[in-house]
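This report introduces a protein structure to a reader who has not met it before. The sequence and the model are shown first, and the description follows.

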Amino acid sequence: MPTQETPPLEDGDLLAAVDLGSNSFHMVVARYVLGQLRIVDRIKESVRLAEGLDGRGGLDPAVMPRALDCLARFGQRIRTLPPARVRAIATNTVRQLANPQAFLMPAETALGHGIEVVAGREEARLIYLGVAHGNPPDPGKRRLVMDIGGGSTETIIGEGFQALERESLQMGCIATTRRFFSDGRLSRKRWKEARTELEAEFQQFAEAYRRRGWHEAMGSSGTIKAICDVSVKMKLTKVSVTDVSLAAIRDKLLEFDAIDEVKLPGLSAERRPIFAGGLLVLDAAFGALGIERMYVSDHAMREGVLYDLIGRGSQEDPRAESIRALQARYGVDLDQAARVEETALSLFDQAELAWGLDADNRRQLAWTARIHEIGLAIAHSQYHQHGAYLVEHSDIAGFSRTEQQILAALLRNQRRTLAASSFDKLPDRLVASVQRCALLLRLAVLMHRSHDRDPLPVVELDVDGDELLLRLPKRWLESHPLTRLDLEGEREILAGFGRRLEIRAI
């Protein structure tokens, strides 16, 4: 029986989001009730993953135990939830690892669920989604949202629930503290020089943001909340951070000569070692973007991930809209894409049980079929390679880096020789299923090479491990000599990679 799409959400279903941030790991568990989310559990642990980065893409082994112990505790809480109802996201620190799988493999084992790495702009979209749902914006009014994490800072302008501008910069409370105050010393001269450097990085998009404009600014996550807490305790503001209160906090901070001497009202001992870096980033942002007041949201990326899960479980999956946008952007032949998709999914439905494929594999195959020719916008020669590059290196809303790498591997292997190295970036647990989907896509693309509008005859496929048996009507094969020749060539290609393809006329 063919694999069904992920069952739609029903009242009472539990969802969980896990955020592997550079400073803290968060988990939120929520119940879906009448189209809304009710938070039933939250867990936060300070892991300081970014402290383990060595500047060369390596991670200090001493950091691993506290990360894995935390994920094991999270995993116990969500052990009974189905994979489709859990989404775990890794952010900036894991993005910087030269070999992310060395961290992700034991991390996934500890959590009991897969972990996806998201690009900075996708992280920004999820942050905005969380803030917008937690603090619904006024209709027609734009909002600036900023999140200063441990290793990166995301800045977004959005309207309603839609992010209009998204940027991610390599600066955060841990990274910036290490960059400018690695010896733990504070001084006004050092602060001024550092602020100038950071303002220059914001200037990359400051003018475009000012032109777009916003009606209010809102900060999310721990850094900005900690700054607001200090502002309130110092009786500078009541519920926000202003340019005036920020300057007062900065002046008070710089009365101390060293970070470990800092004592500010409302500042926790846990936050003290990284407070200077976070304050510096916000100070530079206020200056570069001309922010006068920023309110604080209790919602952040983890809530955005939950709402994104709701979208994925409905007809409003943002990934499907992104695929449509790629088709439009690169002028895809929609009729040809539909023909290839129909054939690919027909083959999938015949192979899925024997190959152990699932609904995610089916979606990935369908999306890849819809955009399999986007590389033609660059050149016909090697268009499969061009398409793979575009998908892997573009910012595609709704997709994690892992998901984009899956689509890129499928696109790269749709024709010509199989490139085994294109699967190297994927988690080991996904390689076999993605390779098998690539074989199905190859057959579908091959049989529609002529862009013939006439429908294919019934194509029968049996699979057994690395063996494929394809049955086609004898009369049709005789009247399509190019396809017959291509199938013979495909048999030779697959044989070189340990797969056996038999074509049988019936």
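Leu34 sits in the loop that joins strand 2 (24-33) to strand 3 (36-46). Its phi is near 50°, a positive value in a residue other than glycine. Leu34 is exposed, with a relative accessible area of 67%. The model in which these features appear is a predicted one.

A second loop residue can be set beside Leu34. His451 lies in the loop between helix 16 and strand 12 (460-464). The phi of His451 is near 55°, again a positive value in a residue other than glycine. With a relative accessible area of 33%, His451 is partly exposed. A positive phi is also found after helix 9, where Gly290 follows with a value near 70°.

**Overall form**

The protein contains 18 helices and 14 strands. Its C-alpha atoms fill a box of roughly 85 × 45 × 45 Å along the principal axes. For 506 residues, a compact globule would have a radius of gyration near 23 Å, and the 26 Å of the protein agrees with this. Of the 506 residues, 54% are buried.

**Two enclosed helices**

Helix 9 (residues 272-289) consists of 18 residues and reaches 26 Å from its first C-alpha to its last. That span is close to the 26 Å expected at 1.5 Å a residue. Because 15 of its 18 residues are buried, helix 9 is largely enclosed by the rest of the structure.

Helix 10 (residues 301-312) has 12 residues, and its first and last C-alpha atoms are 16 Å apart, close to the 16 Å expected at 1.5 Å a residue. Why can helix 10 be called largely enclosed by the rest of the structure? The reason is that 12 of the 12 residues of helix 10 are buried. Among these buried residues are the charged side chains Arg302, Glu303, Asp308 and Arg312, together with Met301, Val305, Leu306 and Ile310.

**Pockets**

The largest pocket has a volume of about 1300 Å³. It is lined by 44 residues, and those closest to its centre are Glu316, Asp317, Pro318, Ala320 and Glu321. Two or more lining residues come from each of helix 4 (120-134), strand 8 (162-169), helix 10, helix 11 (318-329), helix 12 (334-355) and helix 13 (359-370). Helix 11 provides the largest share of this lining, eight residues.

The second largest pocket has a volume of about 830 Å³. Its lining comprises 32 residues, of which Pro83, Ala84, Val86, Glu116 and Asp360 lie nearest the centre. At least two lining residues are supplied by each of strand 4 (86-90), strand 5 (115-117), helix 10, helix 13, helix 15 (401-412) and helix 16 (428-447). Helix 13 gives the most to this lining, with six residues.

Helix 10 and helix 13 thus appear in the linings of both pockets. The classes of the lining residues are set out below.

| Pocket | Nonpolar | Polar | Charged |
|---|---|---|---|
| Largest pocket | 17 residues | 11 residues | 16 residues |
| Second largest pocket | 12 residues | 10 residues | 10 residues |

**Cysteines**

How many disulfides does a search of the whole structure find? The search finds zero. A disulfide would require two cysteine sulfur atoms within 2.5 Å. The sulfur of Cys70 is 16 Å from the closest cysteine sulfur, in Cys173, which is too far for a bond. For Cys173, the closest cysteine sulfur is in Cys228, and at 16 Å it too is too far for a bond. Both of the following residues are set inside the protein by their accessibility: Cys70 is buried, with a relative accessible area of 0%, and Cys173 counts as buried at 1%.

**A residue of helix 7**

Is Val230 buried or exposed? Val230 is found in helix 7 (residues 221-233), and at 0% relative accessibility it counts as buried. In sequence, Val230 and Trp191 are 39 residues apart. In space, the distance between them is 19 Å, C-alpha to C-alpha.

Methods
Residues numbered from 1 in each chain as written. Predicted model: local features only at pLDDT ≥ 70, side-chain atom pairs only at ≥ 80, totals over all residues. Heavy atoms only, no water. Helix = DSSP H or I, 4+ residues; strand = E, 2+ residues; numbered from the N terminus. Expected span 1.5 Å × (residues − 1). Buried < 20%, exposed > 50% of the residue type's maximum accessible area, 1.4 Å probe, protein only. 1 Å grid on protein atoms, 1.4 Å probe; cavity = no way out; pocket = protein on both sides within 12 Å on 5 of 7 lines; lining within 4 Å. Points joined across faces, edges and corners; volume = space filled by probe spheres on them. Rg over C-alpha atoms; globule rule 2.2 N^0.38 Å.
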